[in-house]
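Open the model in a viewer and keep the selection panel at hand. The stops below go from the overall fold to single residues.

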Amino acid sequence: MTAGRGGDRAAGRPKRPTMVDVAREAGVALRTVSRVVNNDPTVGPANVAKVQAAIAALNFRPDERARQLRTGVTGTIGAAVRRIAEVNPELASIERTARASGLTLLAASTDFDEARERDILISMCRQRLDGIIVEPIGESHNYLEPELEAGMPMVSMDRPMSGIAVDCVMSDNASGIGIAF
């Protein structure tokens, strides 16, 4: 995957807001931010509101890798199937290209469900993957703008994503049909 809008790995990604930034913005201790992010019920409503406002203002998203280090649980599983090309040739091509670049592909099906697509994409962003390829189905992908601004490389395939500007790889179906006849 080339570095399109998401930034150049050699130059480094733009800095994402951290919990330290949220604490500074909210005027609370770092521990308070951590407790709010982890849904600790002992934080008072006033501090929860301050932290949530700072999270929204900074477009902060927790770093899933940090949670994984703390808990020892990744929240993901892997599946190694016999032959992916029989089911999804596009995914098979992505996987071959990823392997040739020394990368491992993590794939999930949106099953044409917009809410599921959003959950999957947010989860992938929180895991700070090296890049994301999306076969979009949602009406709007504006919620990904902070991730793009923070340097997440993203490419759309088969159709453009709406509400954000990312590179898109599309098939020329009309020409293909013309050639077939």
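**Whole chain**

Colour the chain by secondary structure: from start to end, the elements come in the order α-α-α-α-α-α-β-α-β-β-α. That gives eight helices and three strands, where helices (H or I, at least four residues) and strands (E, at least two) are DSSP runs numbered from the N terminus. The model is predicted, so local features need pLDDT of at least 70 and side-chain atom pairs count only at pLDDT 80 or more, while totals for chains, interfaces and linings use all residues. Residues are numbered from 1 along each chain as its sequence is written, and side-chain values use heavy atoms, with hydrogens and water left out.

Of the 181 residues in the chain, 29% are buried. Buried means under 20% relative accessible area, exposed means over 50%, and partly exposed lies in between (1.4 Å probe, protein chains only).

**The strands**

Select β2, residues 154–157. M154 and S156 point to one side of the strand, V155 and M157 to the other, and all are buried. Now add β1, residues 132–134. β1 and β2 pair in the parallel sense through three bridges; two strands pair if DSSP finds at least two bridges between them. Within that pairing, I133 stands opposite V155.

Next add β3, residues 167–169, which runs parallel to β2 and is joined to β2 by three bridges. Here S156 of β2 faces C168 of β3.

**The nonpolar cores**

Which residues have the most contacts inside the largest nonpolar core? Select I132, L144, M154 and M161, out of 15 residues in this core. The elements giving two or more residues to this core are α6 (114–126) and β1, and α6 gives the most, with five. A second, separate core has eleven residues, including V22, A23, V51 and I55. A nonpolar core is a set of buried Ala, Val, Leu, Ile, Met, Phe, Trp, Tyr and Cys residues joined through side-chain atoms within 4.5 Å.

**The second largest pocket**

Centre the view on P62, D63, E64, A66 and R128, which among the 22 lining residues are the closest to the centre of the second largest pocket. The elements that give two or more residues to the lining are α2 (30–37) and α4 (64–71). α4 gives the most, with five residues. Colour the lining by type to see eight nonpolar, three polar and eleven charged residues. Here Ala, Val, Leu, Ile, Met, Phe, Trp, Tyr, Cys and Pro count as nonpolar, Asp, Glu, Lys and Arg as charged, and the others, Gly among them, as polar.

The space in this pocket is about 420 Å³. On a 1 Å grid over the protein atoms alone, a pocket is an open set of points where a 1.4 Å probe fits, with protein on both sides within 12 Å along at least five of seven lines; lining residues have an atom within 4 Å of a point. The volume is the space filled by probe spheres set on the points, which are joined across faces, edges and corners.

**Single residues**

Go to K15, in the segment before α1 (19–26). K15 is exposed, at 63% relative accessible area. Its side chain makes a polar contact with the side chain of D21 at 3.0 Å; such a contact is a pair of N or O atoms within 3.5 Å, and within protein one must be able to donate a hydrogen and the other to accept it, with residues adjacent in sequence counting only if both atoms are side-chain atoms. K15 and E149 are 134 residues apart in sequence but 9.3 Å apart in space, C-alpha to C-alpha.

Most residues other than glycine have a negative phi. F112, in the loop between α5 (89–100) and α6, has a positive phi near 60° and is exposed at 72% relative accessibility. Finish at D158, in the loop between β2 and β3. Its phi is also positive, at about 80°, and D158 is partly exposed at 32% relative accessibility.
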